[in-house]
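Biologist: I would like to learn how to read a structure like this one. Could you show it to me and take me through it?

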Number of protein chains: 2
Amino acid sequence: MRGDRNPTLGDVARAAGVSPATVSRFLNRADSVRADKRLRIHDAVERLRYVPHAAARALASRKTRMVGAVFPSLDGDLFGGALEAFQKELAREGYSVVVASSEYDADQDAAHIRNLLTCGVDALLVVGAVRSPQTLNLLVEKDVPFVQLWVADALNGHPCIGFDNQAAAEHVTDHLLMLGHRRFGVISGILEGNDRAQGRLNGVRASLARQGLSLADDQVHEMPFGAASGRDAFSLLMASPERPTAVICGSEPFAYGALLEAQSMGLRVPDDVSVTGFDDMWLASQLSPSLTTVWTPRREMGRDAARYLLAKLTGKAVAKPRPLETRLVVRQSTAPPPRQTPSSCA
Amino acid sequence: MRGDRNPTLGDVARAAGVSPATVSRFLNRADSVRADKRLRIHDAVERLRYVPHAAARALASRKTRMVGAVFPSLDGDLFGGALEAFQKELAREGYSVVVASSEYDADQDAAHIRNLLTCGVDALLVVGAVRSPQTLNLLVEKDVPFVQLWVADALNGHPCIGFDNQAAAEHVTDHLLMLGHRRFGVISGILEGNDRAQGRLNGVRASLARQGLSLADDQVHEMPFGAASGRDAFSLLMASPERPTAVICGSEPFAYGALLEAQSMGLRVPDDVSVTGFDDMWLASQLSPSLTTVWTPRREMGRDAARYLLAKLTGKAVAKPRPLETRLVVRQSTAPPPRQTPSSCA
DNA sequence: GGATTATTTGAAAGCGCTTTCAAATATTGT
DNA sequence: ACAATATTTGAAAGCGCTTTCAAATAATCC
């Protein structure tokens with residue numbers, strides 16, 4: 001224990017009267033060293049307060065025990081649960097999570113992925129499956145296990161863990177059709193580069209198509225995420241000549257905004273108009289009217305992604321992940337359409 | 001470019017006809033190598049698609065260019081903004097963020113701090129200033145710059161970036177007192193190990209004390225965070241014999257719950273009872289009645305924490321951070337107390 | 001019990017970069 | 001033009017760990 005620099009593995013070896021190699025083995029697979037030395041090394045470690053040097057370890061073993069994660073956003077309620085579950089599950093196995101937010105921007109997404117690879121992460125979590133071939137190639141070349149969250153089946157053939165956005169949106173729409181609605185409004189997130197939003201809109205269209213219905217341009221409002229957008233889009237929708245009797249929201253905050261705006265406008269939900277959300281966050285059940293929506297397995301995705309990557313990292317054979325289930329949650333915000341179009345807000 | 005292993009700095013040096021040392025210098029401070037070689041090296045880097053090996057770099061330079069962050073929670077709306085701003089600001093300077101959630105648990109907090117130090121983070125962000133001496137010592141010994149978020153002045157003498165929780169709570173309370181309220185209810189987060197919650201409750205008490213008022217035990221409900229708790233506590237409060245005319249919430253979701261519960265109970269806010277929140281998240285302004293609350297500089301804390309640590313890391317002299325401002329935001333949920341106690345909910 | 005096989009160990013060679021330090025080259029002053 | 005000073009370079013020694021590989025020890029078998 002010379003100097004006051006941190007003790008190294010070599011110091012421990014000397015203190016325990018064994019070779020550095022043995023200490024290394026002790027650290028990595030304790031059962032590969034005999035009981036007597038195991039004890040001596042353990043003592044030495046305690047005594048010197050030895051802590052392995054992560055960078056040295058990473059350099060020699062070519063593993064950093066760090067996993068990257070790029071989310072479209074960290075602010076807001078949507079991705080936090082998945083991140084937390086992901087981190088928790090990985091921590092259990094001694095992995096750390098390096099995180100970044102792309103702010104729903106494709107360039108930042110690509111840049112962060114590149115950066116994380118440079119950092120040497122052993123595996124990577126990304127959201128969605130729309131990504132440039134270069135970026136995808138990079139991942140494949142570097143041979144870093146990765147998984148795409150929030151989507152069920154990637155067009156790009158790479159593994160993903162999530163739910164079927166289109167199917168979920170179809171369920172919501174079917175529910176509304178079943179109630180008798182025929183005129184719809186849709187509030188969608190920005191579609192470009194967002195396969196979740198695209199999938200959901202496609203789902204609505206597919207469901208309608210089965211009834212011979214379709215969506216005119218002015219029935220779909222493509223907005224940046226947030227309740228404020230929901231308010232705006234909702235009032236636009238309600239102002240249109242062919243006012244919809246049901247408004248389908250591609251993201252939950254849209255629906256909160258719609259509900260709130262309806263209230264301001266003096267429109268009764270669901271009597272005058274039905275509203276549906278997407279995600280079933282905590283507010284959905286608390287609002288009145290409570291929100292009919294589809295529950296999505298957010299924490300589950302984070303947890304499963306961690307398990308999947310962990311399995312990959314330990315070289316285990318891993319089954320292709322199966323799509324996770326969503327659940328239509330019918331609450332108070334949906335009902336059959338009014339008998340005849342209410343002539344005005346009043 | 002032998003083998004198909006990743007090119008190393010040595011390969012670049014050879015390709016550019018200079019020594020490894022020069023390439024290293026080019027990578028770190030390009031202006032310390034002459035223009036002609038700079039060009040040759042740059043070319044070689046491009047040609048070989050060279051990417052420096054982070055672990056090797058970290059080992060040799062004793063810097064990982066990673067910063068740790070431990071938040072009480074990642075789920076929910078509260079800390080995400082700070083994390084996102086923190087990450088963004090650090091990314092700008094080439095630093096990555098390793099994140100963990102303590103789930104509001106002191107042991108996990110300590111464990112994650114230890115783990116991040118083991119990972120070799122160059123700096124660290126934590127929330128709050130209640131922490132065991134051991135943990136604090138560890139940080140000091142390891143000489144890792146760190147900053148405590150969400151608090152203004154740490155009792156423990158270590159740097160912090162945040163706002164004065166007590167003062168903010170005093171403002172809210174003063175506002176209510178000014179309106180004429182004399183009977184209060186408080187919904188507080190769990191106090192143990194949470195100096196923010198403690199500070200806020202103290203603030204309420206301090207403000208009341210100036211008017212010769214105090215809080216009886218049954219006027220304070222200590223609950224785990226969340227709107228559901230807010231509902232429960234609110235209905236308890238309203239059921240008490242000396243029903244409060246104003247309910248002060250130590251966290252915003254409590255207030256949402258209170259507002260929602262009031263609505264269910266048929267109580268009018270602010271006519272029958274005033275409600276205040278704490279944080280001013282997006283929903284506060286959207287609800288009706290909109291919520292009187294205090295805005296807190298959440299993203300700002302994240303951003304400033306990053307800047308502070310960055311300055312520390314580059315050895316710049318850094319002024320002790322000054323407390324950030326909060327703002328009382330008066331909206332519709334507060335008004336003078338009713339003339340006489342309403343006899344019932346009806 | 002002695003030969004075989006299986007398990008533990010240590011020596012030594014890196015992993016890919018940074019960083020002295022001294023030598024080489026360029027710049028300045030007179 | 002020549003010394004004196006400043007700048008740019010390369011050789012070499014690590015940074016602290018892991019991982020062959022072969023030697024040493026323990027366990028097993030007939």
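Modeller: Here we go through the two chains, a pair of helices, some backbone details and the DNA strands. Please keep in mind that this is a predicted model.

Biologist: Let me start with the two protein chains. By what turn and what shift can chain A be laid on chain B?

Modeller: Here is the general idea. Two copies of a chain are related by a rotation about an axis and a shift along it. In this case, a turn of 180 degrees with a shift of 0.0 Å along the axis lays chain A on chain B, and the RMSD is 0.1 Å. That is the relation of a two-fold axis.

Biologist: Which residue of chain A comes closest to the rotation axis?

Modeller: Look for A:Val98, whose C-alpha is at 2.1 Å from the axis.

Biologist: Now the contact between the chains. How many residues does it take from each chain?

Modeller: Chain A puts in 34 residues and chain B puts in 34 residues. On the chain A side, the elements that each supply at least two residues include helix 5 (80-91), strand 2 (96-101) and helix 6 (106-119). Helix 5 of chain A gives the most, with seven residues. Sorted by class, the side of chain A that touches chain B has 17 nonpolar, 13 polar and four charged residues.

Biologist: Why can we say that the copies meet through the same surface?

Modeller: We can say that because 100% of the interface residues of chain A are also interface residues in chain B.

Biologist: Next, helices. How do I describe two that pack together?

Modeller: Two packed helices are described by the angle between their axes and the distance between the axes. Try helix 6 (residues 106-119) and helix 7 (residues 133-142) of chain B: their axes come within 10 Å and cross at roughly 15 degrees. Angles under 35 degrees count as roughly parallel, so helix 6 of chain B is roughly parallel to helix 7 of chain B. Their crossing is left-handed.

Biologist: Which residues meet there?

Modeller: From helix 6 of chain B come B:Ala110, B:Ile113, B:Arg114 and B:Leu117, and they meet B:Thr135, B:Leu138 and B:Lys142 of helix 7 of chain B. By class, this contact has four nonpolar, one polar and two charged residues.

Biologist: What should I look for in the backbone itself?

Modeller: Begin with the peptide bonds. The bond joining A:Ser288 and A:Pro289 is cis, with omega about 5 degrees, and A:Pro289 is in the loop between helix 12 and strand 10 (293-295) of chain A. In chain B, the bond from B:Ser288 to B:Pro289 is also cis, with omega near 5 degrees. Then check phi: A:Arg49 has a phi near 55 degrees, a positive value in a residue other than glycine. A:Arg49 lies in the loop between helix 3 (35-48) and helix 4 of chain A.

Biologist: And the DNA? Which residues come nearest to strand C?

Modeller: Of the 28 residues around DNA strand C, the nearest are A:Ser19, B:Leu9, B:Ala21, B:Ser24 and B:Ala60. Helix 2 of chain B gives the most to this surface, with six residues. The surface divides into 14 nonpolar, nine polar and five charged residues.

Biologist: Which helix gives the most to the surface near DNA strand D?

Modeller: There, helix 2 of chain A gives the most, with six residues. Around DNA strand D there are 28 residues, and A:Thr8, A:Leu9, A:Ser24, A:Ala60 and B:Ser19 come nearest.

How values were computed: Residues are numbered from 1 along each chain as its sequence is written. Chains are lettered from A and ligands numbered from 1 in the order in which they are written. This is a predicted model: local features need pLDDT of at least 70, side-chain atom pairs count only at pLDDT 80 or more; totals for chains, interfaces and linings use all residues. A residue is near a molecule or strand if its C-beta atom, placed from the backbone, lies within 6 Å of it. Helices (H or I, at least four residues) and strands (E, at least two) are DSSP runs, numbered from the N terminus. Ala, Val, Leu, Ile, Met, Phe, Trp, Tyr, Cys and Pro count as nonpolar, Asp, Glu, Lys and Arg as charged, and the others, Gly among them, as polar. Axes are lines fitted to C-alpha atoms, for helices over the stretch in contact, and angles run from 0 to 180 degrees between N-to-C directions. Angles under 35 degrees count as roughly parallel, over 145 as roughly antiparallel, 65 to 115 as roughly perpendicular and the rest as oblique. A crossing is left-handed if the near helix is turned anticlockwise from the far one by less than a right angle, and right-handed if clockwise. Two residues are in contact if their C-beta atoms, placed from the backbone, lie within 7 Å. Copies are superposed by least squares on the C-alpha atoms of residues with pLDDT of at least 70 in both.
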